[in-house]
Amino acid sequence: MRAEIEKIVEEIKQSVGLLRRHLDVDASTARLAELNKLAEDPNLWNDPQKAQRLMQERTSLEDSLTGIGKVERELNDNIEMIELGEAENDAGVVTEAENALKALKKDVARRELEALLSGEADKFDTYLEVHAGAGGTESQDWAQMLLRMYTRWAENHGFKIEYLEETQGEEAGIKSATIQISGHNAYGWLKTEAGVHRLVRISPFDSNARRHTSFSSVQIFPVVDDSIKIDIKESDVRTDTMRSGGAGGQHVNKTESAVRLTHIPTGVAVVCQAGRSQHKNRAQAWDMLRARLYEIELKKREEKAAADQAAKTEIGWGHQIRSYVLQPYQMVKDLRTGVQTSDTSGVLDGDLDEFMAATLAQRAFGTTPGAAIDDVD
């Protein structure tokens, strides 16, 4: 067997081992048997929401367990085919099996990413907030660039985007914006993007064409459904109303309908101005507030379990997660995983999957599995 194929085989084996540990095959098999038994109960659908959740869990576990078994069988079958082809000096059989192993490695990479998106809230839709940092027009323009980057990423994945709040900058860009991104595992993917993003470029607003460094922060929190109960005392929440501002048109309106809710015990504040009525914006703002407080609780659990090192670091200037350098050279580098690319235009146009995958792998496994990141030629 050629050295290149031996390496691919070893990488597939390592990936399967990671998948088995992440899934906890024994516990998952036992849980699947329990769910199969529950599915036979004729009274299950008396509570449709509960039944649907159980069926979704059952399908997910079944797919994951079946997938691992399928990969292991195909791996062994193709190794045997290569050994047989080499023994009979049949180059065609060897080549066919080697190509199958390369394809299998890509399949394992996809399964690894799916396994990484197994957190409690990963399946939910998500809110995404962008806030310009200090630096006036420079940072506000950078904040708008980031907002465009994430909307392009969402569009590329077929996700739905809804603008909830947008505050324009004085000269260019935005001071802040909040959007809702809806799609399968939207929060699971985008949670890796929370933090401070740093831009280095020749400023288009500087007549002397000097290089500037700008910062903007991104906050991500899940859109919680009815299965998640978040109790908030109305007495703990201050409500302010104001005139809606922003781009107008398709995004927001300019009536006296914007609502800001502030949760006094935590200081968490949310703003919604997308709806044409104060009533609709108030209801949306309450949903956003519940989501923010739920996301805080998720981070507390992660910190306690030491499962998410990124959650232990307060997001603030000086705690950048990624640098985007456009001058004097072009490079986007993730400071958590070391993943980098010179394709800055592609990244700013929404090509973020490689960065997201690496961060998910680091959080789940403490390292970046090669099968989840590297391409096979």
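Which residues does serine 28 touch, not counting residues up to four places away in sequence? Serine 28 touches Leu23, Leu61 and Leu65. The model behind this contact list is predicted.

**Helix H2**

Serine 28 lies in helix H2. Its relative accessible area is 7%. The cut-off for buried is under 20%, so serine 28 counts as buried.

Serine 28 has company in H2. The buried residues of this helix are Val25, Ser28, Leu32 and Leu35. Viewed down the axis of H2, they fall within an arc of 80°, so they line one face of the helix. An α-helix has 3.6 residues a turn, so residues three or four places apart point the same way. Asp26 and Lys37 sit on the other side of H2, and both are exposed.

What covers the buried residues of H2? The cover includes helix H1 (3–23) and helix H3 (48–87).

The length of H2 can be checked as well. The helix runs over residues 25–39, which is 15 residues. At 1.5 Å a residue, the expected span is 21 Å. The end C-alpha atoms of H2 are 21 Å apart, so the span agrees with the expectation.

**Strand pairing**

The protein chain holds ten helices and eleven strands. Three of the strand pairings are set out below.

| Strand pair | Direction | Bridges | Residues opposite each other |
|---|---|---|---|
| S1 (residues 126–132) and S5 (residues 211–222) | antiparallel | seven | threonine 126 and proline 222 |
| S4 (residues 195–202) and S5 | antiparallel | eight | leucine 199 and serine 214 |
| S7 (residues 258–263) and S8 | antiparallel | five | arginine 260 and valine 271 |

Strand S5 appears in two of these rows. It is joined to S1 by seven bridges, and it pairs with S4 over eight. On the S1 side, proline 222 of S5 stands opposite threonine 126. On the S4 side, serine 214 of S5 is the bridge partner of leucine 199.

Strands S7 and S8 belong to an open sheet of three strands. Its order is S6-S7-S8, and the pairing is antiparallel. Which strands form the edges of this sheet? They are S6 (237–242) and S8 (268–272), each of which pairs on one side only. From one strand to the next, the twist averages 15°. Within the sheet, five bridges join S7 to S8. Arginine 260 stands opposite valine 271 of S8. In a regular strand the side chains alternate between the two faces of the sheet.

**The chain as a whole**

The protein chain has 377 residues, and buried residues make up 47% of them. Contacts often link distant parts of the sequence. Among contacts between residues at least 6 apart in sequence, 63% join residues at least 24 apart.

**Confidence**

How confident is the predictor, and where does its confidence drop? The chain averages a pLDDT of 84, and 86% of the residues score at least 70. Among the elements, helix H8 (residues 344–348) has the highest mean pLDDT, at 97. Helix H10 (residues 370–373) has the lowest, at 38.

Two stretches call for a separate note. Over residues 304–317 the pLDDT is below 50. Beyond near neighbours in sequence, this stretch has 23 contacts in the model. The pLDDT is also below 50 over residues 369–377. There the model shows 21 contacts beyond near neighbours in sequence.

Methods:
Residues are numbered from 1 along each chain as its sequence is written. Side-chain values use heavy atoms; hydrogens and water are left out. Two strands pair if DSSP finds at least two bridges between them. Helices (H or I, at least four residues) and strands (E, at least two) are DSSP runs, numbered from the N terminus. Axes are lines fitted to C-alpha atoms, for helices over the stretch in contact, and angles run from 0 to 180 degrees between N-to-C directions. The expected span of a helix is 1.5 Å times one less than its number of residues. Buried means under 20% relative accessible area, exposed over 50%, partly exposed in between (1.4 Å probe, protein chains only). The arc is that of the directions from the helix axis to the C-beta atoms. Contact means heavy atoms within 4.5 Å. pLDDT is the predictor's confidence in each residue, from 0 to 100.
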